[in-house]
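This report describes the fold, the aromatic contacts and the main pocket of the protein shown below.

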Amino acid sequence: MSSPIIVFESAWKDTIPKDLLANVKLSRLWALMLKEDKASLTEALVYMMPRTYEAPLPYEWVNIYTWLGLQYAMQYKNKEQVEVLSDIAPKELSDYETGLLENLRKWIYRQRRKALKARLKDLEKPKTDKPSINQKTLF
């Protein structure tokens, strides 16, 4: 639950809406209850968002991104977004697009676990900021 949120490295990563980021923990809890060993749909949406500002996405990824947006809006009961996205997003993803999304979700999950392990390893390192007692004086 306290793992870092993995986002596409971009100058646009600060543009992700705060409410979307706040809902990542809730979606992680939901994925945990479903015993999924992959990132939640919300995490996949958060990861993809900065990437969409970099350059146009291929057709399959546009479908995945808009579908993720629709799923997010339906899950968090945003009626206005659901109305807009239901006209744009596909009702379901093709098998190929589903495979791409599943691979992305598994990759994000692995990156999240790696980042958490690195953070925990840094916390366990003993701090050596204090000078040694046996240190020679300079003068």
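## Overall fold

From the N terminus on, the elements of the protein chain follow the order α-α-α-α-α. The chain thus holds five helices and zero strands. The model is predicted.

The protein chain has 139 residues, of which 35% count as buried. Among contacts between residues at least 6 apart in sequence, 70% join residues at least 24 apart. The exposed area of the protein chain is about 10000 Å², and carbon and sulfur atoms supply 58% of it.

## Aromatic pairs

A pair of aromatic rings is described by two quantities, the distance of the centres and the angle of the planes. Searching the whole structure yields four aromatic pairs. In one of them, the ring centres of Tyr47 and Trp107 lie 5.5 Å apart with the planes at 65°, so this pair is edge-to-face, the cut-off for that class being over 60 degrees. The pair links distant parts of the chain, since Tyr47 belongs to helix H2 and Trp107 to helix H5 (residues 95–124), 60 residues apart. Tyr47 has a relative accessible area of 15% and is therefore buried, the limit being under 20%. Trp107, with a relative accessible area of 31%, is partly exposed.

Tyr72 and Tyr76 form a tilted aromatic pair, with 4.8 Å from centre to centre and 45° between the planes. Tyr72 counts as buried at 9% relative accessibility, whereas Tyr76 is partly exposed, with a relative accessible area of 22%. A further grouping involves Tyr47 and Trp107 once more: together with Phe8, these residues form one aromatic cluster.

## The largest pocket

The largest pocket holds about 310 Å³ of space. It is lined by 15 residues, and those closest to its centre are Leu45, Met49, Gly69, Tyr72 and Gln81. Tyr72 thus appears both in this central group and in the tilted pair with Tyr76.

Four helices each supply at least two residues of the lining: H1 (18–33), H2 (41–54), H3 (59–75) and H4 (79–88). Helix H3 provides the largest share, four residues. By class, the lining comprises nine nonpolar, five polar and one charged residues. Helix H2, one of the contributors to the lining, also carries Tyr47, the partner of Trp107 in helix H5.

Definitions and conventions: Residues numbered from 1 in each chain as written. Predicted model: local features only at pLDDT ≥ 70, side-chain atom pairs only at ≥ 80, totals over all residues. Heavy atoms only, no water. 1 Å grid on protein atoms, 1.4 Å probe; cavity = no way out; pocket = protein on both sides within 12 Å on 5 of 7 lines; lining within 4 Å. Points joined across faces, edges and corners; volume = space filled by probe spheres on them. Nonpolar A, V, L, I, M, F, W, Y, C, P; charged D, E, K, R; others polar. Buried < 20%, exposed > 50% of the residue type's maximum accessible area, 1.4 Å probe, protein only. Contact = heavy atoms within 4.5 Å. Areas by Shrake-Rupley, 256 points an atom, 1.4 Å probe, with all protein chains shown as cover. Phe/Tyr/Trp six-rings, centres within 6.5 Å; stacked < 30°, edge-to-face > 60°.
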